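Biologist: Got a minute? I'd like to go through this model with you.
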Number of protein chains: 2
Amino acid sequence: MHEELKLDNQICFRLYSASRLITQAYTPMLTELGITYPQYLVLMVLWEKDNQPVNDIAHRLILETNTVTPLIHRMEKLGLISLRQGDKDKRQHIVSLTQTGKAMEEKAFELIPPGMGGRLAACPLQLEDYQRLAQELDSIINTLKK
Amino acid sequence: MHEELKLDNQICFRLYSASRLITQAYTPMLTELGITYPQYLVLMVLWEKDNQPVNDIAHRLILETNTVTPLIHRMEKLGLISLRQGDKDKRQHIVSLTQTGKAMEEKAFELIPPGMGGRLAACPLQLEDYQRLAQELDSIINTLKK
DNA sequence: AAAAATTATATCGCAAACGATTTAATTGAT
DNA sequence: ATCAATTAAATCGTTTGCGATATAATTTTT
């Protein structure tokens with residue numbers, strides 16, 4: 001039995017598990033909003049800066065367009081965003097928030113930070129632990145994204 | 001614009017991105033072995049302890065059986081594992097490694113630790129950083145898993 | 001300016017995740 | 001012992017994630 005191949009020694013498995021569990025913790029609030037976690041990510045990108053081409057959203061989320069395109073189209077059907085062709089570059093599809101999409105920011109603000117705070121209240125990590133964790137994760141992300 | 005809803009302030013987005021990127025870093029080696037990352041996780045569980053029911057594997061990986069069952073069946077088709085009914089509890093399906101599945105441990109040992117070491121060599125984190133990271137992730141995982 | 005290379009998005013197919021439900025076997029309660 | 005509750009797997013449907021490929025528009029080369 002090689003130590004390197006034990007599940008308990010895998011940082012990757014921890015990231016995978018923590019990521020899934022924390023996404024699951026978001027789910028009750030997101031269900032109340034009628035969206036999924038990746039859809040919430042797209043909304044956060046657009047709340048910060050509206051009217052972005054698919055590619056910029058994908059780049060910001062470190063995803064490929066073959067993931068983002070269908071996601072965007074589902075969100076269009078939900079009435080959260082609208083699409084129009086770019087006028088400078090006709091290949092681009094510019095994604096914009098609808099009124100519904102914009103209005104969701106306030107609802108998310110009321111639901112999600114308190115909801116997640118409650119969910120993580122039992123976690124022994126302090127503010128500075130989360131800050132260091134964020135830095136460590138950024139190191140990994142920056143090393144691995146090409 | 002609420003600070004709490006900025007992408008850059010989300011620990012969850014960092015976990016999601018780091019998890020996907022590190023899984024992607026495994027992919028070239030796993031492709032050489034002919035398996036996926038979740039299949040590799042199942043193999044690690046079985047390399048540590050062979051002949052486990054589906055439920056125990058799911059529990060170890062913090063997954064539901066509706067994820068693990070199809071995964072197991074794909075691995076059976078690949079010839080990595082075999083399934084038999086439990087003799088004590090006939091509801092259980094016991095998962096066992098085949099010779100191919102057992103033999104893959106050595107190949108994985110030769111490919112994956114050096115491959116991932118190379119991929120993360122440019123990452124500024126030190127051994128103690130990874131150890132602390134592991135602890136912090138364990139805190140989150142233990143808080144959120146019911 | 002025409003041809004070649006690049007880029008933006010979309011399409012296709014497959015493997016995960018996961019909520020919800022189903023089936024069969026086991027355990028617990030009366 | 002019988003009936004109800006629980007448990008182990010499986011099935012179904014939807015959304016992601018991603019490799020591979022396709023299409024159309026733009027940029028670069030020649």
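Modeller: Sure. Keep in mind that this is a predicted model. A good place to start is Asn66(A): an N or O atom in the side chain of Asn66(A) is 2.8 Å from a base nitrogen of DNA strand D.

Biologist: OK, and which part of DNA strand D does the side chain of Tyr16(B) sit 2.7 Å from?

Modeller: A phosphate oxygen, with the distance taken from an N or O atom of the Tyr16(B) side chain. Arg91(B) goes for a base instead: one of the polar atoms in the Arg91(B) side chain is 2.4 Å from a base oxygen of strand D.

Biologist: Which elements give two or more residues to that surface near DNA strand D?

Modeller: From chain A, helix H2 (37–48) and helix H4 (65–77). From chain B, helix H1 (11–33), helix H3 (54–60) and helix H4 (65–77).

Biologist: How many residues surround DNA strand D, and which are the closest?

Modeller: There are 25 around the strand, and the closest are Thr36(A), Arg74(A), Arg20(B), Gln24(B) and Arg91(B). By class, that surface has 6 nonpolar, 12 polar and 7 charged residues.

Biologist: And on the DNA side, what share of the strand D atoms within 4 Å of the protein is sugar or phosphate?

Modeller: 71% of those atoms, with the rest belonging to bases.

Biologist: Switching topic to the two protein chains. How many residues of each are in contact?

Modeller: 59 residues of chain A touch 59 residues of chain B. The two chains bury about 6000 Å² between them, and 71% of that is on carbon and sulfur atoms.

Biologist: Which three residues of chain A supply more of its buried area than any other three?

Modeller: Leu5(A), Leu7(A) and Leu144(A), which together account for 12% of what chain A buries against chain B.

Biologist: What about salt bridges and polar contacts between chain A and chain B?

Modeller: The count is 6 salt bridges, and there are 22 residue pairs in polar contact, both partners at pLDDT 80 or more. One salt bridge joins the side chains of Asp138(A) and Arg14(B), at 2.8 Å from N to O.

Biologist: Which helices of chain A give two or more residues to the side that touches chain B?

Modeller: Helix H1 (11–33), H2, helix H5 (99–120) and helix H6 (127–144). The largest share comes from H1(A), with 15 residues.

Biologist: Last one: how does that side of chain A divide by class?

Modeller: The side of chain A touching chain B has 37 nonpolar, 7 polar and 15 charged residues.

Conventions
Residues are numbered from 1 along each chain as its sequence is written. Chains are lettered from A and ligands numbered from 1 in the order in which they are written. This is a predicted model: local features need pLDDT of at least 70, side-chain atom pairs count only at pLDDT 80 or more; totals for chains, interfaces and linings use all residues. Side-chain values use heavy atoms; hydrogens and water are left out. A residue is near a molecule or strand if one of its heavy atoms lies within 4 Å of it. A polar contact is a pair of N or O atoms within 3.5 Å; within protein, one must be able to donate a hydrogen and the other to accept it, and residues adjacent in sequence count only if both atoms are side-chain atoms. Helices (H or I, at least four residues) and strands (E, at least two) are DSSP runs, numbered from the N terminus. Ala, Val, Leu, Ile, Met, Phe, Trp, Tyr, Cys and Pro count as nonpolar, Asp, Glu, Lys and Arg as charged, and the others, Gly among them, as polar. Contact means heavy atoms within 4.5 Å. Buried area is the accessible area (1.4 Å probe) that two parts lose on being put together, summed over both. A salt bridge is a side-chain nitrogen of Lys or Arg within 4 Å of a carboxyl oxygen of Asp or Glu.
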